[in-house]
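Hello,

Here is the structure I promised to pass on to you. Please have a look at it first, and then read my notes underneath.

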There are 2 protein chains.
Amino acid sequence: MPAPRKFSREQLRTAALSLVDAHGLAALTMRSLAAALGTGAMTIYNYVDGREGLEGLLVEAVLADALPAVTEHPEDADWRIETRRLAEANWRAVRAHPDVIPLILTRRIADPASLEHGEALLRALARSGRRGADLLYAFRAVTGFVTGFAQAELAGPLSIAPDEDVRAITDRARALPAERFPYLIEIAGAAAASTPEIEFHAGLDVLIAGLESRPSAGNPERSAGQDRV
Amino acid sequence: MPAPRKFSREQLRTAALSLVDAHGLAALTMRSLAAALGTGAMTIYNYVDGREGLEGLLVEAVLADALPAVTEHPEDADWRIETRRLAEANWRAVRAHPDVIPLILTRRIADPASLEHGEALLRALARSGRRGADLLYAFRAVTGFVTGFAQAELAGPLSIAPDEDVRAITDRARALPAERFPYLIEIAGAAAASTPEIEFHAGLDVLIAGLESRPSAGNPERSAGQDRV
DNA sequence: GTCGAACACGTACGTTGTACGTAAGTCAAG
DNA sequence: CTTGACTTACGTACAACGTACGTGTTCGAC
């Protein structure tokens, strides 16, 4: 009995995402999205629950790529490798659409893809011998680091705006009083010579080393006992 | 030759902050803030560079409390203790005004208080024997975890809305298909029985353990060699 | 053909940030 | 005390936003 729909939610999603990727988050309005689809503004409301719902759709679209490609037997891999794989896939997916990051950071997320990703991460962490509260702590530490790192790249003290150059980091550092902020200036130099990929990898190294050194606050590690790298 | 100002930036700051704390971020508009101050909307523009500047003022106000109280000789303390002290002070300050967190997460921060906090954290981390790139990685790991944890409490999968109860966590978990998300359900139970303070502390434990186990990727630790707790 | 439900979408309203203009206030100079 | 230059206060007005509401259209079912 229904009239056929002119669009699908998929179409809305991709149209909205490409609009944001091309011209920033501010360029996404009900009217602009409708114009991009060649229709009237109020039509959007037939597919999405207002502006809130539209932004939720965007977040889902970005996070849908957070799960790494399934390999043959991912469950057999070392939990450190699997943890790193999941964390990096999540980070990469978020980073692919920088203009959506503010939404990802502020909106409550409970879409299937994110739940799937969380469960996969927990499966990996559980194989380090953790259960219950210890598993929770490990989960919080890893996910906290991933989102926090993405946030830092977007708006942290050493971040660079989309229209800026890498040189902006050292330029800003040079503007600081050298006698008050010697270390900030030092790591600004290191940041300019580094890349986000290296820093993310190194940060994960620290985190995983911490997880290795305290397998479960009492329970010995049970999985294949390859020692610290 | 100027006319005397009716207000100070401090007054704006506190008025805006109390408005947001009381009625949420959406309640802060140019008109509502002006009404709270007993003046016209356009007067605000004499103190602040538009809406953007007003939000920056809010962020500064919250982050101004991020530096822990100065003790007599904080520089003598163990770097682990000092790192934890700074991370917790930052987290506490952010958590004190939950409605401002979305702004803190999305706005680029470069105010003096934050720089001071960053430099203090770097001073602490440097005493673990790190320099240059390794110091940067450690800095990124700690700050990333702190902001990421704050974000997770605001909008993460296990977070609770301001009007919700602790029971909401387990309620949501119970709504999940138990055979697909066993671990998520498990840590939801642990989260309901835990507190953010405990989880933050435990996460920092993991991170600091990781920092201990890899002092500097080559350089031995130089400070007072109290071993792992 | 007729009916009813789902959809498309134009119109209109309240709210927002803010450009602009004007009036009022203050100090330095005469 | 008067004048002039300049800063501040703030009312008005406008563009842009999200969206409630109403109307017209299009389809499947009978």
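Below is what was found in it, beginning with conventions.

This is a predicted model, in which local features need pLDDT of at least 70 and side-chain atom pairs count only at pLDDT 80 or more, while totals for chains, interfaces and linings use all residues. Residues are numbered from 1 along each chain as its sequence is written, chains are lettered from A and ligands numbered from 1 in the order in which they are written, and side-chain values use heavy atoms, with hydrogens and water left out.

Let me start with chain A. It has 10 helices and 0 strands (DSSP runs numbered from the N terminus: helices are H or I with at least four residues, strands are E with at least two). Of its 229 residues, 50% count as buried (under 20% relative accessible area; exposed is over 50% and partly exposed lies in between, with a 1.4 Å probe and protein chains only). Among the contacts in chain A with a separation of 6 or more, 69% join residues 24 or more positions apart (contact means heavy atoms within 4.5 Å).

Now to the pair. Chain B falls on chain A after a rotation of 180 degrees with 0.0 Å of shift along the axis, at an RMSD of 0.0 Å (least squares on the C-alpha atoms of residues with pLDDT of at least 70 in both). The two copies are therefore related as by a two-fold rotation axis. Both use the same surface, since 100% of the contact residues of chain B recur in chain A.

At the interface, 62 residues of chain B are in contact with 62 residues of chain A. The two chains bury about 5,700 Å² between them, 64% of it on carbon and sulfur atoms (the accessible area, 1.4 Å probe, that two parts lose on being put together, summed over both). B:R108, B:R140 and B:Y183 supply 13% of the area that chain B buries against chain A, more than any other three residues.

One helix you may like to look at is α8 of chain B (residues 167–174), whose buried residues are B:A168, B:I169 and B:A173. Because these cover an arc of only 135 degrees around the axis, they lie on the same side of α8(B) (the arc is that of the directions from the helix axis to the C-beta atoms). They pack against α9 (182–193) of chain B, whereas B:R167 and B:R174 are exposed on the other side of α8(B).

Best wishes
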